[in-house]
Amino acid sequence: MTETFTIAQLSDPHLSSLDNVRARDLLSKRVLGYLSWRLNRRAKYRPEILAELVRDLKSQQPDHTVVTGDLTHIGLPQEFQEAKDWLDALGMPSEVTIIPGNHDAYVEADWDSTLALWIPYMGSDIAGVAGGCERQACFPSLRVRDSVAFIGLSTAHPSAPFLATGSIGHSQLQALERVLVETGERRLFRIILLHHPPIPGTVPWRKQLTDHASFRSVVARCGAELVLHGHAHCTSIRQIVAQGRIVPAIGVPAASARSHHPDRGAQYHLYRLTRQVSTWSIQLSVRGYSPAEQRFMELGTPIALEQSLNFA
Ligand SMILES: [Fe+2]
């Protein structure tokens, strides 16, 4: 029997507008982020490109869509509401899974008016499976669709000015271990979602995941089938070796970025999973924005990721 499942991944859309921001909202590190947006990021992250991405993505009819963080710029409540409205237009909560990025936890913020708005897209299928959904206890999240387990982590927490680091933390890693073992026993295709790249050297040190080594040792011990991240704003295809198998670790450029650099313009990925009896294969298609044609198109030919999973 052949079973197929297609996943779309987009990341770092930075979709919020920051219109009508009040001066008192900026009495923190947020003032730096706001100035960066005014001087640079506003021209770089374009809503019309993101709208075209969503139109193209829907035409591909993925079975599920994941957004690997940084939906906002400086984590203001009004940005979370804008992002929630955008998510509602992207798809139903049953069809879309998200995790937060460092920009979504820019400074300490009230949970109820920020990340809590995204719980329908961020929380586990069954409350309590991974500790419910209240602040960091929301993660790891577990959402199962057909034979695919989406396991969401939060690496997002406020960092000092000019830093964009992240970490998973001991308790989340312990819970991740349990979730990977349990979903592995159920022979699900396990996809871990985290915002920061787990492979050193993918981003400069000031943007790094500080406990990347601990994360990789959990994956090496318990196994996983795919790791998807954002944050780097460029294409990244790396790997983790787990139990003698290769686990691809893949990052995608920002979903709304205007750039003539081939690796830094807006892109999204399609992962076509095919299961034949007890073996899965993964085919990656990259769809990127053409500034000349103002639309998304397939870049290159689909890549067969170096992995063959045998559940026999
Ligand atoms: Fe980020």
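Helix α6 is followed by Gly 223, whose phi is positive, near 80°. Helices (H or I, at least four residues) and strands (E, at least two) are DSSP runs, numbered from the N terminus. Residue numbers start from 1 along each chain as its sequence is written. The model is predicted: local features need pLDDT of at least 70, side-chain atom pairs count only at pLDDT 80 or more, and totals for chains, interfaces and linings use all residues.

**Confidence and overall form**

The predictor's confidence in each residue, from 0 to 100, is called pLDDT. Its mean over the protein is 89, and 93% of the residues reach 70 or more. Over residues 308–312 the pLDDT stays under 50, and the model has 11 contacts beyond four places in sequence for them. Two residues are in contact if their C-beta atoms, placed from the backbone, lie within 7 Å.

The protein has six helices and 13 strands. Its radius of gyration is 18 Å, close to the 20 Å given by the globule rule for 312 residues, so the protein is as compact as a globular protein of that length. This radius is taken over C-alpha atoms, and the rule is 2.2 Å times the number of residues to the power 0.38. Along the principal axes, the C-alpha atoms fill a box of roughly 60 × 45 × 35 Å. Of the contacts with a separation of 6 or more, 67% are between residues 24 or more positions apart.

A residue is buried if 20 or more other C-beta atoms lie within 10 Å of its own, exposed if 12 or fewer, and partly exposed in between, with C-beta atoms placed from the backbone. Buried residues make up 46% of the 312 residues.

**The six-stranded sheet**

Six strands form an open sheet with mixed pairing, in the order β4-β5-β6-β7-β9-β8. Strands β4 (141–145) and β8 stand at the edges with a single partner strand each, so one side of each is left without a neighbour in the sheet. Neighbouring strands of this sheet are turned by 20° against each other on average, direction ignored. Two strands pair if DSSP finds at least two bridges between them. Three pairings in the protein are listed here.

| Strands | Sense | Bridges | One bridge pair |
|---|---|---|---|
| β8 (residues 236–242) and β9 (residues 245–251) | antiparallel | seven | Gln 239 and Pro 248 |
| β7 (residues 226–229) and β9 | parallel | three | Val 227 and Ala 249 |
| β11 (residues 279–290) and β12 | antiparallel | seven | Leu 284 and Ile 303 |

The hairpin of β8 and β9 has two residues between the strands, and Gln 243 there takes a positive phi near 50°.

**Helices across the sheet**

Helix α5 (residues 170–185) lies across β4, β5 (148–152) and β6 (189–193), at about 155° to β6. Helix α6 (residues 212–222) lies across β8 and β9, at about 55° to β8. Axes are lines fitted to C-alpha atoms, for helices over the stretch in contact, and angles run from 0 to 180 degrees between N-to-C directions.

The buried residues of α6 are His 212, Phe 215, Arg 216 and Val 219. Seen down the axis of α6, they fall within an arc of 95°, so they line one face of the helix. What covers them includes α5, β8 and β9. The face of α6 turned away from this buried side carries the exposed residues Ala 213 and Arg 221.

**The hairpin of β11 and β12**

Four residues lie between β11 and β12 in their hairpin, where Gln 294 takes a positive phi near 55°. Strand β12 (residues 295–304) is hardly covered, with one buried residue among its 10.

Note on methods:
The arc is that of the directions from the helix axis to the C-beta atoms.
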